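Work through the exercises below with the coordinates open. Each task is followed by a solution in steps.

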Amino acid sequence: MIYGNSTGAVKERGSHEVTRPNSQVTACPFPFPPGPDLAAPAPVPAEVDGQSIFKVALPEGQADNWAWWVGSHAAAQQVYRDDTTFLRGDADGILPFLRLSPLILAQDGEHHRNLRSLVSKSFTRPRIEKFRPNVEALVSRHMETLESSGGPADLVNDLAWPVSLHAIAELLGAPEDEVEQFWVWGDMLLSTGPDRDAQNAAAMVEIAKYAGQLMQAGHNRPSSDIISTAVTNAQNLGIDPEEVALFLASLIIAGWETTAAAITATVYKLLTVHGEEGTHLYRRLCEQPELIPSAVEELLRVVPNSWFDSGQPRRAARDVMLAGAHVKKGDVVLVAHDVASRDPEVFDAADEIKLDRAPNPHLAFGFGAHFCLGAHLARLEINVVLEFLTGRFPDLRLAVPSDQVRWNTGTPIRRIEELPVAWGPSPGSLPHS
């Protein structure tokens with residue numbers, strides 16, 4: 001099996017001897033059940049609320065039956081920063097998380113750094129900002145289609161998903177007429193459940209094969225797209241082409257679905273939360289578009305991108321103190337970065353949405369060695385969508401009551417299934433909220 005659910009088996013890596021936690025944990029089963037607001041982190045169990053680190057019980061049927069849950073900002077940064085102590089690969093596939101090996105998301109150390117270096121310069125803020133006209137053209141095209149339809153429209157399938165999908169494909173250098181297949185692969189790869197392992201694996205094989213074909217095309221026709229850049233750099237570093245194909249496959253997988261989910265969740269939040277003046281936050285952005293960049297960061301801070309509210313699990317390679325707890329070699333650690341991004345020690349009025357919050361050191365994209373490569377691209381896409389939406393549809397509103405918005409719980413990504421919106425004259429005196 002290449003990708004899918006795992007029984008929790010652990011591979012020996014390097015010189016680290018892997019041991020497994022064996023303490024019995026009966027309280028705080030992980031993941032925590034979501035609360036009434038599906039666009040917010042799941043409530044921490046009452047018996048441990050306020051604690052920055054505690055043990056949680058993992059799903060049954062695997063060797064690791066418990067893990068440390070870490071919810072403070074400082075401790076989260078410690079785990080993410082110290083990538084020689086807290087290893088991703090040795091904890092890959094621990095339930096309820098998906099097995100991500102052999103993708104870069106499950107790599108550690110020098111090999112991980114070498115893989116990132118293949119394209120890291122292409123994902124810097126200045127390089128991504130040069131891609132803004134392309135994103136603006138994509139968004140504008142879909143906005144025109146929305147406007148001509150007269151509404152209502154579904155912002156998931158009519159805007160967020162196709163924009164994000166075509167943006168990553170164009171950046172990578174994939175032919176436009178082939179990108180719809182990414183959608184199919186994404187659903188197959190990110191679906192959960194014991195009956196989906198074979199489908200997960202088949203999709204991974206197919207997308208890696210496709211990435212290999214794109215690499216060959218890039219080799220034959222050198223250009224400045226990311227795939228061509230990766231091919232050239234891989235040759236210089238002596239990295240195996242199959243590994244490069246898997247790396248590019250991971251960019252395809254991670255580069256659009258999470259961003260599409262963030263776009264729609266951001267708009268949903270803006271349309272359903274009222275500011276101090278009594279109007280929706282969306283209306284404030286229409287009136288003060290200069291706030292959009294800081295608003296994007298604030299919505300990234302408060303709206304989770306995963307049902308687990310946590311980054312991928314890590315395993316301690318040595319004994320270490322973490323948030324006052326003695327974490328032993330072999331212990332599993334879960335960084336609740338969505339909770340850490342609401343740490344009152346770091347964020348004033350942490351549970352409030354402040355569209356002008358600054359500074360805003362949230363952890364939505366992680367931190368340290370595994371900081372999301374596509375963070376600047378995701379930011380750009382969300383910013384451009386909000387710029388065009390607020391500029392063209394200042395009277396945008398939900399077309400259904402907020403409690404009727406459907407969320408997809410069949411993947412680890414916290415995403416809205418459909419987001420019906422309308423604009424223009426309202427049949428009622430007030431928009432839904």
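**Exercise 1. Classify Arg132 as buried or exposed, then place its salt-bridge partner Glu387 on the scale of accessibility.**

Solution. The model is a predicted one. Step 1: the relative accessible area of Arg132 is 18%. Buried means under 20%, so Arg132 is buried. Step 2: Glu387 has a relative accessibility of 30%. Exposed would require over 50%, so Glu387 counts as partly exposed. Step 3: the closest N and O atoms of Glu387 and Arg132 are 3.3 Å apart, which makes a salt bridge. This pair links distant parts of the chain, 255 residues apart: Glu387 belongs to helix H14 (residues 375-392) and Arg132 to helix H4 (residues 132-149). Step 4: the bridge belongs to a network of salt bridges that links Glu129, Arg132, Glu136 and Glu387.

**Exercise 2. State how many salt bridges the structure holds, and describe the one between Glu298 and Arg357.**

Solution. Step 1: there are 16 salt bridges in the structure. Step 2: in the bridge between Glu298 and Arg357, the closest N and O atoms lie 3.0 Å apart. Step 3: Glu298 sits in helix H12 (residues 292-302), while Arg357 is in the loop between helix H13 (337-340) and H14, so the bridge ties together parts that are 59 residues apart in sequence. Step 4: Glu298 and Arg357 are both buried. Step 5: for a further case, take Arg99 and Asp92, whose side chains form a salt bridge at 3.8 Å, N to O. Arg99 and Asp92 are likewise buried.

**Exercise 3. Find which residues have the most contacts inside the largest nonpolar core, and which helix gives the largest share of it.**

Solution. Step 1: the largest nonpolar core has 116 residues, and Phe182, Leu389, Leu396 and Leu419 have the most contacts inside it. Step 2: helix H5 (residues 155-172) supplies the largest share of this core, with 12 residues. Step 3: apart from this core lies another, of 18 residues, including Trp66, Phe86, Val333 and Leu363. Step 4: return to Leu389 and leave aside its neighbours within four places in sequence. Leu389 is then in contact with Met143, Leu155, Leu159, Val267, Tyr282, Pro394 and Leu396. In general, nonpolar side chains in soluble globular proteins tend to be buried together.

**Exercise 4. Determine which way the residues of strand S8 point, and whether its pairings with S2 and S5 are parallel or antiparallel.**

Solution. Step 1: in strand S8 (residues 332-335), Val332 and Leu334 point one way, Val333 and Val335 point the other way, and all are buried. Step 2: strand S2 (residues 66-70) runs parallel to S8, joined to it by three bridges. Within this pairing, Val333 is the bridge partner of Trp68. Step 3: strand S5 (residues 314-316) pairs with S8 over two bridges in the antiparallel sense. Here Val333 of S8 stands opposite Arg314.

**Exercise 5. Give the strand order of the open sheet that contains S4, and explain why its edge strands each have a side without a neighbour.**

Solution. Step 1: the open sheet consists of three strands in the order S4-S12-S9, with antiparallel pairing. Step 2: strand S4 (153-154) and strand S9 (397-398) are at the edges; each has a single partner strand, so one side of each is left without a neighbour in the sheet. Step 3: S4 and strand S12 (residues 420-422) are paired over two bridges, in the antiparallel sense. Val421 in S12 is the bridge partner of Ala153.

Methods:
Residues numbered from 1 in each chain as written. Predicted model: local features only at pLDDT ≥ 70, side-chain atom pairs only at ≥ 80, totals over all residues. Heavy atoms only, no water. Salt bridge = Lys/Arg side-chain N within 4 Å of Asp/Glu carboxyl O. Buried < 20%, exposed > 50% of the residue type's maximum accessible area, 1.4 Å probe, protein only. Helix = DSSP H or I, 4+ residues; strand = E, 2+ residues; numbered from the N terminus. Core = buried A, V, L, I, M, F, W, Y, C linked by side-chain atoms within 4.5 Å. Contact = heavy atoms within 4.5 Å. Pairing = 2+ DSSP bridges.
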